[in-house]
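Visitor: I'm new here, and I'd like to know what stands behind the words people use for a structure. Could you show me one and let me ask?

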Amino acid sequence: KKHKAVGHKNKKRSLRIVNTSSLAAIEPFSTWSGYCTAKAAMDMFHKVVAVENANDTTVKCLNYAPGPMATKLHSNMLSHVNLDEKIR
């Protein structure tokens with residue numbers, strides 16, 4: 001059985017790639033090497049995908065950096081005794 005696309009047959013499909021970034025993508029923090037590296041890699045991935053698809057109006061890359069968020073990760077980070085003072 002073949003799957004059929006839902007919607008109008010002539011409708012163009014579009015792709016939205018969304019990333020939640022962080023200050024850690026551009027600022028190195030002591031004891032956070034893995035997290036900073038992962039965030040920086042995701043930011044670069046989005047930049048490259050945007051360049052590769054610059055002429056394709058069906059592909060959009062959205063990269064948000066919302067600022068400090070009250071999450072469990074953030075709470076755990078703030079309680080760490082070796083926390084980089086730039087984060088506080």
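Guide: Here is the structure, and your questions about its labels come next.

Guide: A bit of background: this is a predicted model, where local features need pLDDT of at least 70, side-chain atom pairs count only at pLDDT 80 or more, and totals for chains, interfaces and linings use all residues. Residues are numbered from 1 along each chain as its sequence is written, and side-chain values use heavy atoms, with hydrogens and water left out.

Visitor: What makes up the secondary structure of the chain?

Guide: There are two helices and two strands, and from the N terminus they come in the order β-α-β-α. Helices are DSSP runs of H or I with at least four residues, strands are runs of E with at least two, and both are numbered from the N terminus.

Visitor: Why is Trp32 called buried?

Guide: Buried means under 20% relative accessible area, exposed means over 50%, and partly exposed is in between (1.4 Å probe, protein chains only). Trp32 has 15%, so it counts as buried. Of the 88 residues in the chain, 22% get that label.

Visitor: And why is Tyr35 called partly exposed?

Guide: Tyr35 comes out at 30%, which lies between the two cut-offs, so partly exposed is the label.

Visitor: How do you know that Trp32 and Tyr35 form an aromatic pair that is edge-to-face?

Guide: A search of the whole structure turns up one aromatic pair, and this is the one: 4.7 Å centre to centre, with 85 degrees between the planes. Rings of Phe, Tyr and Trp (its six-membered ring) pair if their centres lie within 6.5 Å; planes under 30 degrees apart are stacked, over 60 edge-to-face, and the rest tilted. Both values meet the rule, so the pair is edge-to-face.

Visitor: What does Leu73 touch, leaving aside neighbours within four places in sequence?

Guide: Leu73, in helix 2 (residues 72-78), is in contact with Trp32 and Tyr35. Contact means heavy atoms within 4.5 Å. At 45% relative accessibility, Leu73 is partly exposed.

Visitor: What is unusual-sounding about the phi of Thr31?

Guide: The phi of Thr31 is positive, about 75 degrees, although Thr31 is not a glycine. Thr31 sits in the loop between strand 1 (15-20) and helix 1 (33-52).

Visitor: Is Thr58 buried or exposed?

Guide: Thr58 has 18%, under the 20% limit, so it is buried. This residue lies in the loop between helix 1 and strand 2. Not counting residues up to four places away in sequence, Thr58 touches Lys12, Arg13, Ser14, Leu15 and Arg16.

Visitor: What makes the link between the side chains of Thr58 and Asp56 a polar contact?

Guide: A polar contact is a pair of N or O atoms within 3.5 Å; within protein, one must be able to donate a hydrogen and the other to accept it, and residues adjacent in sequence count only if both atoms are side-chain atoms. The two side chains are joined at 2.5 Å, so the distance fits.

Visitor: Which residues does Cys61 contact, apart from neighbours within four places in sequence?

Guide: Cys61, found in strand 2, is in contact with Ile17, His46, Val49 and Ala50. Cys61 and Ala50 are eleven residues apart in sequence and 6.1 Å apart in space, C-alpha to C-alpha. With 24% relative accessibility, Cys61 is partly exposed.
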